[in-house]
Amino acid sequence: VPTWEGMPAVHIQYLQQLQDTIINKADIIFTVSQPLYDEFKLLHNNVYLLPNGVDYEYYSPMNLPKEYPSVIFRGIMDFLPNVDASVHFCADILPLVKQQVPEIKCYIVGKNPTMRIKSLHDGKTVFVTGYVEDIRPYIAKSDVNVCSMRIGSGIKNKILESMAMAVP
């Protein structure tokens, strides 16, 4: 049994759901991070570490005007870790940023936004786009790529892609 002591309750719930619905049914598990590999090895015998990467030619810097000041959070927006991260950012972090940068804009970009995510859209500070054909212009126009993840694990491609595009 994995050691989940000290983890947020929602993270424990997520891992337990994975264990109950996926891990016990899988013949082979691939993971992209050492901590997740170590965790899954406690639950399954056939686990492999396969680090991920990014196509740095496709995700390269674009010379687009910044919509300063702006941040972007992106991902599949009905995926629990992304929903939690977006809500957490908008509720707990963005108000603090807004005190220092009142004109800040936050773009939440990604397919399948839940009703909770859609409710964050106010048309002034927070903009929920839903699915976009090409994420790169949204990244390029932002000053910062936000990754306020509290649950889930592994290396986030959203970070690697933004790094490749020279967006912090």
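Helix H6 is followed by Ala 166, a residue whose phi is positive, near 65°. This helix belongs to a predicted model, and the points below move from the sheet that H6 lies across, through the helices, to a proline in a loop. The sheet is an open one of four strands, and the pairing within it is parallel.

**The sheet**

- Read across the sheet, the strands come in the order E5-E4-E3-E6, and the edge strands, each of which pairs on one side only, are E5 (126-130) and E6 (144-145).
- Strand E3, which spans residues 70-74, runs parallel to E6 and is joined to that strand by two bridges; within this pairing, Val 71 stands opposite Val 144 of E6.
- Strands E4 and E5 also run parallel, and four bridges join them; Ile 108 has Val 128, a residue of E5, as its bridge partner.
- Although E5 is an edge strand, E5 is mostly covered, since four of its five residues are buried.

**The helices across the sheet**

- Helix H3, made up of residues 80-100, lies across E3, E4 (105-109) and E5, and its direction makes an angle of about 170° with that of E4.
- Helix H6, made up of residues 157-164, lies across E3 and E6, and runs at about 140° to E3.

**The buried side of H6**

- Three residues named as buried in H6 are Lys 158, Glu 161 and Ser 162. They cover an arc of only 100° around the axis, and therefore they sit on the same side of H6.
- The general geometry of an α-helix helps here: there are 3.6 residues a turn, so residues three or four places apart point the same way.
- The elements that cover the buried residues of H6 include two strands, E3 and E6, together with the helices H3 and H5 (136-141).

**Pro 113 in its loop**

- Pro 113 is found in the loop that lies between strand E4 and helix H4, the latter spanning residues 115-118.
- Is this proline buried or exposed? Pro 113 has a relative accessible area of 18%, and because buried means under 20%, it counts as buried.
- Once its neighbours within four places in sequence are left aside, Pro 113 is in contact with Met 77, Lys 118, Val 128 and Gly 130; of these, Val 128 has already appeared as the bridge partner of Ile 108.
- Pro 113 and Asn 82 are 31 residues apart in sequence, while their C-alpha atoms are 9.8 Å apart in space.

Notes: Residues numbered from 1 in each chain as written. Predicted model: local features only at pLDDT ≥ 70, side-chain atom pairs only at ≥ 80, totals over all residues. Heavy atoms only, no water. Pairing = 2+ DSSP bridges. Contact = heavy atoms within 4.5 Å. Axes fitted to C-alpha atoms, helices over the stretch in contact; angles between N-to-C directions. Buried < 20%, exposed > 50% of the residue type's maximum accessible area, 1.4 Å probe, protein only. Arc of directions from axis to C-beta.
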